[in-house]
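These are my notebook entries on one protein chain and its ligand. I looked up the overall packing, then the sheet, then the surroundings of the ligand.

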Amino acid sequence: MRRLYPTPGGLTGAAELEDEYLLPAARHVRANFVTSLDGMVELGGRSSPLGGPADREAFMAMRAVADVILVGAGTVRQEKYGPVRLDATVQERRRARDQAALPKVAVVSNRADLDPQAKLWGGGEAKPLLITTAAAAEARTDLAAVAELVVCGDQFVDLQLALDELSTRGLQRVLCEGGPTLFRTLVTAGLLDELCLTTSARLVGPGHRGLLGDQPLTEPASLTLAGVLEGDEMLLSRYALGAQS
Ligand SMILES: NC(=O)c1ccc[n+]([C@@H]2O[C@H](COP(=O)([O-])OP(=O)(O)OC[C@H]3O[C@@H](n4cnc5c(N)ncnc54)[C@H](OP(=O)(O)O)[C@@H]3O)[C@@H](O)[C@H]2O)c1
């Protein structure tokens with residue numbers, strides 16, 4: 001892996017890559033996606049056919065520095081999400097930065113249409129969070145046994161409230177791992193700070209889910225390039241939300 005921008009240079013090892021993605025202990029919402037060159041986020045319903053070793057390393061580095069992983073229910077269902085696992089050395093580096101050994105997982109869902117037997121709920125010492133509505137929490141009391149239910153809205157999840165709830169739990173550095181529906185809401189609500197986008201050297205054509213789902217934005221969003229890495233024929237770009245002033 002090598003850095004192309006802003007300062008060209010080589011990167012060796014997981015710790016150096018983590019340093020690229022380190023964040024100060026303050027509210028920050030980062031999204032991470034891998035897309036084809038034509039902006040599609042899945043092949044056969046999964047993101048992994050678009051990825052590769054460099055993308056996987058960056059994905060793990062971003063997990064390594066996050067307080068919480070925010071993910072939409074569609075991605076949990078489709079990608080069969082499991083509990084977060086990090087190497088012991090990564091966990092040590094987290095503790096040295098006063099972070100918990102592992103990031104929390106927070107699933108966002110209006111309907112809470114999730115399987116309580118899914119592997120995501122089974123693995124860690126601490127229950128994942130399920131950010132949902134009052135209506136769904138009332139209907140799905142079975143999920144309370146496997147997840148900590150965080151009610152943020154009556155019929156629809158209010159993401160600003162959700163981020164505030166995460167902050168009160170000390171979860172400030174948020175890594176959103178998708179999918180497109182959740183990402184789009186963060187963008188339109190003005191809640192996203194950063195987009196990390198791996199572009200895979202592949203073209204897949206229409207008929208696949210795109211980065212923002214299938215609805216246009218009411219207004220184009222402007223972003224500013226903050227960094228570019230290269231590895232395995234992939235460009236790993238980092239953008240700050242907002243145009244350069
Ligand atoms: N390439 C990549 O990096 C990448 C990353 C992630 C996902 N993906 C792909 O994206 C596809 C899934 O797309 P998707 O748009 O369905 O993903 P998604 O955003 O994870 O899931 C949509 C569902 O999540 C919940 N949700 C999302 N935003 C919400 C909000 N603001 N408030 C309340 N609930 C919200 C809703 O769940 P309920 O219906 O339960 O209410 C909604 O139906 C999969 O094929 C996956 O492989 C690719």
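Entry 1, packing. I looked up burial in this predicted model and found that buried residues account for 37% of the 245 residues in the protein chain. I then turned to contacts between residues at least 6 apart in sequence: 69% of them join residues at least 24 apart. For the overall dimensions, I noted that the C-alpha atoms fill a box of roughly 50 × 45 × 40 Å along the principal axes. The radius of gyration is 17 Å, which agrees with a compact globule of 245 residues, since such a globule would have a value near 18 Å.

Entry 2, sheet. I recorded seven helices and eleven strands as the secondary structure of the protein chain. An open sheet of eleven strands, with mixed pairing, follows the order β2-β1-β10-β11-β9-β3-β8-β4-β5-β6-β7. Which strands stand at the edges? They are β2 (9-10) and β7 (148-151); each has a single partner strand, so one side of each lacks a neighbour in the sheet. I followed β7 to its pairing with β6 (residues 129-132): the two run parallel and are joined by four bridges. Within this pairing, I131 has V150 in β7 as its bridge partner.

Entry 3, ligand. I listed 30 residues around the ligand, of which G72, G74, G178, G179 and T181 come nearest. The elements giving two or more residues to this shell are β3 (28-35), α3 (73-79) and α7 (180-188). The largest share, five residues, comes from α3. By class, I noted 13 polar, ten nonpolar and seven charged residues in the shell.

Notes:
Residues are numbered from 1 along each chain as its sequence is written. This is a predicted model: local features need pLDDT of at least 70, side-chain atom pairs count only at pLDDT 80 or more; totals for chains, interfaces and linings use all residues. A residue is near a molecule or strand if its C-beta atom, placed from the backbone, lies within 6 Å of it. Ala, Val, Leu, Ile, Met, Phe, Trp, Tyr, Cys and Pro count as nonpolar, Asp, Glu, Lys and Arg as charged, and the others, Gly among them, as polar. Two strands pair if DSSP finds at least two bridges between them. The radius of gyration is taken over C-alpha atoms; the globule rule is 2.2 Å times the number of residues to the power 0.38. A residue is buried if 20 or more other C-beta atoms lie within 10 Å of its own, exposed if 12 or fewer, and partly exposed in between; C-beta atoms are placed from the backbone. Two residues are in contact if their C-beta atoms, placed from the backbone, lie within 7 Å.
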